[in-house]
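Reader: I should like to examine the interior of this molecule by question and answer. May we begin once the sequence and structure are displayed?

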Amino acid sequence: MDTKPFSADLQKKIESLAQKRSPIKLGRVHFDSPLLLAPMAGICTPPFRLLMEDLGAGGTVSELISCHGINHANERTLNMLKIDERERNIGLQLFGESPEAMAQASEVAQKYNPKFIDINMGCPVRKVVTKGGGSALLREPKELIPYLSAIKEVLDVPLTIKIRTGWDEDSINADEVIKIAHDMGVEWVAVHGRTRAQAYMGKANWEYLEELAEKAPLPIIGNGDLHQPHLVKARMNNTQCEALMIARGCLRNPFIFLESYADENDPKFLGSDYFEAISRLHQYTNETYDNERIKLIQMRKLIVWFAAGFPGAAKFRALMFTCPDLADSMKIAEDYYLSLGESTKFIDYNEVFMNGGHG
């Protein structure tokens with residue numbers, strides 16, 4: 001599949017910032033930079049993952065995928081395991097409570113050729129936690145020994161996990177989980193700096209994340225509140241973590257993986273650049289899905305999120321959600337983004353954005 005090239009102007013901007021990145025190796029896995037796309041449910045599909053790699057993400061992780069859906073050969077679930085041949089550094093994230101079911105599903109998942117299999121041990125969503133998956137796995141760390149052992153035994157690719165700092169403030173135990181993970185042969189641990197009880201509210205505890213990273217026997221990836229390029233840059237320059245994961249930050253700024261390397265004199269990404277990114281996402285979406293309704297849903301939410309902080313974004317958002325057709329939506333988006341000229345973004349980061357969470 002041939003990808004339509006970016007304009008010479010946008011490609012020059014991308015390359016000037018991409019060359020400031022340094023590749024890293026976490027365990028046995030190589031990444032193009034230490035800034036990785038965090039897994040987000042309903043968002044980290046192949047089209048979005050491809051776009052984020054194009055725009056500077058050093059690697060990506062899929063949305064969380066149910067082990068039971070895999071084991072029951074559910075068509076929709078199996079489709080979530082598919083990896084585009086153009087993806088370079090992709091891991092598949094699975095969730096579930098049963099060691100046996102997770103091992104069976106992991107065996108299937110690795111046949112899709114991911115760079116690694118990641119286990120979701122951080123999702124705070126009720127429907128996941130009440131069944132014993134996600135962050136519920138943090139409640140009894142010793143039970144992780146047979147759980148991780150069963151999964152590790154069937155894998156040829158590296159095994160990784162994503163966790164939270166603990167179940168709640170009275171049971172902060174990421175350090176214990178990390179030690180068990182190391183003993184079980186896990187390659188690295190990504191840690192979201194909130195407890196399950198916090199969900200996506202409050203502030204990520206970066207002081208604790210830095211303590212974990214300094215003492216951990218295996219690489220730690222820090223995650224949480226990395227919403228602005230200048231904050232990501234500051235954290236990169238001062239962290240003990242081997243890498244950082246960006247989640248919600250890239251939904252309002254798809255160029256964050258590049259802008260986190262920018263200096264004051266580097267060129268800014270403008271509305272026309274955003275529309276080029278949207279157009280490429282549209283191409284990837286058309287190549288991935290046949291269903292027109294799915295295409296519209298996947299595209300429209302990202303088109304309006306990307307507009308955050310630009311002049312007239314609220315009016316544009318309202319107009320977009322009155323349009324039931326993707327082709328017409330793309331025309332509305334083109335007119336809006338190209339009308340922005342030299343306007344730059346200003347995002348109010350005190351505004352609540354997706355506190356329901358996606359991963």
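Author: The questions below concern a predicted model and take up a helix, a strand, the nonpolar cores and one residue.

Reader: Which residues of helix α7 are buried, and where do they lie around the axis?

Author: Helix α7 spans residues 144-154, and its buried residues are Leu144, Tyr147, Leu148, Ala150 and Ile151. Their directions cover an arc of only 155° around the axis, which means that they lie on the same side of α7.

Reader: What covers these buried residues of α7?

Author: The cover includes two helices, α5 (99-109) and α8 (174-183). It also includes two strands, β6 (116-121) and β7 (159-164).

Reader: Why is β6 described as largely enclosed by the rest of the structure?

Author: Phe116, Asp118 and Asn120 point one way from β6, while Ile117, Ile119 and Met121 point the other way, and all are buried. The strand is therefore largely enclosed, the number of its buried residues being six of six.

Reader: In what sense does β6 pair with β5, and which handedness has the crossover between them?

Author: Strand β5 (residues 90-95) and β6 are joined by four bridges in the parallel sense. At one of these bridges, Gly91 has Phe116 of β6 as its partner. Between the two strands the chain passes through α5, and this β-α-β crossover is right-handed.

Reader: Which residue of β7 is the bridge partner of Asn120?

Author: Strands β6 and β7 run parallel and are joined by five bridges. In β7, the partner of Asn120 is Lys162.

Reader: Which helix gives the largest share of the largest nonpolar core?

Author: This core has 94 residues, of which Phe48, Ile161, Ile163, Val189, Cys250 and Tyr337 touch the most other members. The largest share is seven residues, and it comes from helix α14 (residues 292-306).

Reader: Which residues does Val189 touch, leaving out those up to four places away in sequence?

Author: The residues touched by Val189 include Ile161 and Ile163, which are themselves among the core members that touch the most others. The remainder of the list is Ile178, Ala181, Leu218, Pro219, Ile220 and Ile221.

Reader: Is Phe257 buried or exposed, and what is its relative accessible area?

Author: Phe257 lies in helix α12 (residues 256-259). Beyond its neighbours within four places in sequence, its contacts include Leu35, Met52, Ile246 and Cys250. Burial requires a relative accessible area under 20%; Phe257 is therefore buried, its value being 0%.

Key
Residues numbered from 1 in each chain as written. Predicted model: local features only at pLDDT ≥ 70, side-chain atom pairs only at ≥ 80, totals over all residues. Heavy atoms only, no water. Buried < 20%, exposed > 50% of the residue type's maximum accessible area, 1.4 Å probe, protein only. Arc of directions from axis to C-beta. Contact = heavy atoms within 4.5 Å. Pairing = 2+ DSSP bridges. Right-handed = clockwise from strand over helix to strand, strands pointing away. Core = buried A, V, L, I, M, F, W, Y, C linked by side-chain atoms within 4.5 Å.
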